[in-house]
Amino acid sequence: FYNLWPEKFQNKTNGVTPRRWLAWCNPALSKVITKWLGTEEWISDLTLLKGLEKHAEDPALKAEWVEAKTAMKVRLAEYVKENTGYDIPLTSMFDTQIKRIHEYKRQLLNIMAVAYRYKKIKAMSAAERKDVVPKVVMIGGKAFATYVQAKRIVQLIVAVAKTVNNDSEIGDLLKVVFIPNYNVSVAEVLIPGTDICQQISTAGMEASGTSNMKFMMNGSLTIGTLDGANVEIREEAGPEHFFLFGATEPEIPGIREDRAAGKFVPPPTFAETMDYIKSGVFGGETFEELLGSLEGNEGFGRGDYFCVGHDFPSYVEQLEAVDEHWKDQDKWVTSSIINTANSGKFSSDRTIDQYAREIWGVKPHAVPEL
């Protein structure tokens, strides 16, 4: 088909509707945006958000931005309390990963890094803990009924949450929440209240993704791989406002070949975390069947096909960079504003307009006034 009609094969980046995913779900931030742009026209022309960029260092906008963000964090904290029973502190960094539970989306990488963080905090002195950035890690999503490995990942997340959240020794330095019954209505509460989102799929496996766009519109920063729409989000926001880690798509085949050839040497932090989880510290479970997928060189359900072990050190390194950025709140808020200001490309209006003009050959027609 491509040889016959090459012009019919082309890419159009996905988009999301700003009416639902910013104006509707985040009234506090929308009010601030409208005030500083001097118009509500951004709701139908998201490129106008670019006008916020020139105010990104303005102390008055930053103060209003923080106030709006806090209001949405209050709403999110109330939702978490009502649906899980957990109290989460508003001054903590809200770190969120919400999407279908799947090995390539790597919720396992996320929760393993949480286990590593917990282990590190436990080993710290009281003085060292004063320098730790308090964090709430929220993971939400559904596992397909027969996808056993995905259900095992959920089991590990819940086990880590129970242990960490009931550890009085570390208190509010770390909280973990599995969001039950995740759906788009729940996303409308989670996304506006998030400080940093996780877009950490194995490079080359995510077609695009749209939650990353929704988070960006709402002023969340992103930690992620060069996969799907992350590539364009990083280009739009600027690399200094995006936390990049992991292997790139061209590198993945070679990594898998080396693994099959027995050349993979587990990074020390990865091996340490594997052993820690297997020790039974999280509810007495060893999670051997789940972690077994990260061991061996090749074969079905073996050999770490999604490269969790390979990417673990760079992921942890970038999580530490996120912490350092968070410590400078003035800098963080600037990054948040710049993310929103540069999210205009990801409106579904632009996507549909491109389809109409470049594929369907449909011209816009003004609706006559009544």
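Begin by selecting helix α6 together with its surroundings: α4, β2 (135-140), β3 (174-179), α11 and α12 are among the elements that cover the buried residues of α6. The model on display is a predicted one.

Now restrict the selection to α6 itself, residues 148-165. This helix has 18 residues, and the distance from its first C-alpha to its last is 26 Å, close to the 26 Å expected at 1.5 Å a residue. Colour its buried positions next; they are Gln149, Ala150, Ile153, Val154, Leu156, Ile157, Ala159, Val160, Ala161, Thr163, Val164 and Asn165.

The next stop concerns aromatic rings. Across the whole structure, a search finds ten aromatic pairs. Select tyrosine 118 and phenylalanine 282: the ring centres lie 6.0 Å apart with the planes at 45°, so this pair is classed as tilted. The two residues come from distant parts of the chain, 164 residues apart. Tyrosine 118 belongs to helix α4 (residues 107-123), whereas phenylalanine 282 lies in the loop between α11 (268-278) and α12 (288-291). Tyrosine 118 and phenylalanine 282 are both buried.

Keep phenylalanine 282 selected and add tyrosine 276. These two residues form an edge-to-face aromatic pair, with 5.8 Å from centre to centre and 85° between the planes. Tyrosine 276 is buried, as is phenylalanine 282.

For a further aromatic group, select Tyr116, Phe270 and Phe312, which form one cluster.

Charged side chains over rings come next. Display lysine 214 with tryptophan 21: the charged end of lysine 214 sits over the ring of tryptophan 21, at 4.1 Å from the ring centre. Then move to arginine 256 and tyrosine 305, where the charged end of arginine 256 sits over the tyrosine 305 ring, 3.6 Å from its centre.

Finish with the cysteines. How many disulfides does the structure hold? The number of disulfides is zero. Select cysteine 197 and cysteine 25 to examine one case: the closest cysteine sulfur to that of cysteine 197 is the one in cysteine 25, and the separation of 14 Å is too far for a bond, given that a disulfide requires sulfur atoms within 2.5 Å. Is cysteine 197 buried or exposed? Cysteine 197 has a relative accessible area of 0%, and is therefore buried. Select cysteine 307 last; its relative accessible area is 1%, so cysteine 307 is also buried.

Definitions and conventions. Residues numbered from 1 in each chain as written. Predicted model: local features only at pLDDT ≥ 70, side-chain atom pairs only at ≥ 80, totals over all residues. Heavy atoms only, no water. Phe/Tyr/Trp six-rings, centres within 6.5 Å; stacked < 30°, edge-to-face > 60°. Helix = DSSP H or I, 4+ residues; strand = E, 2+ residues; numbered from the N terminus. Buried < 20%, exposed > 50% of the residue type's maximum accessible area, 1.4 Å probe, protein only. Lys NZ or Arg CZ within 6 Å of the ring centre and 35° of its normal. Expected span 1.5 Å × (residues − 1). Contact = heavy atoms within 4.5 Å.
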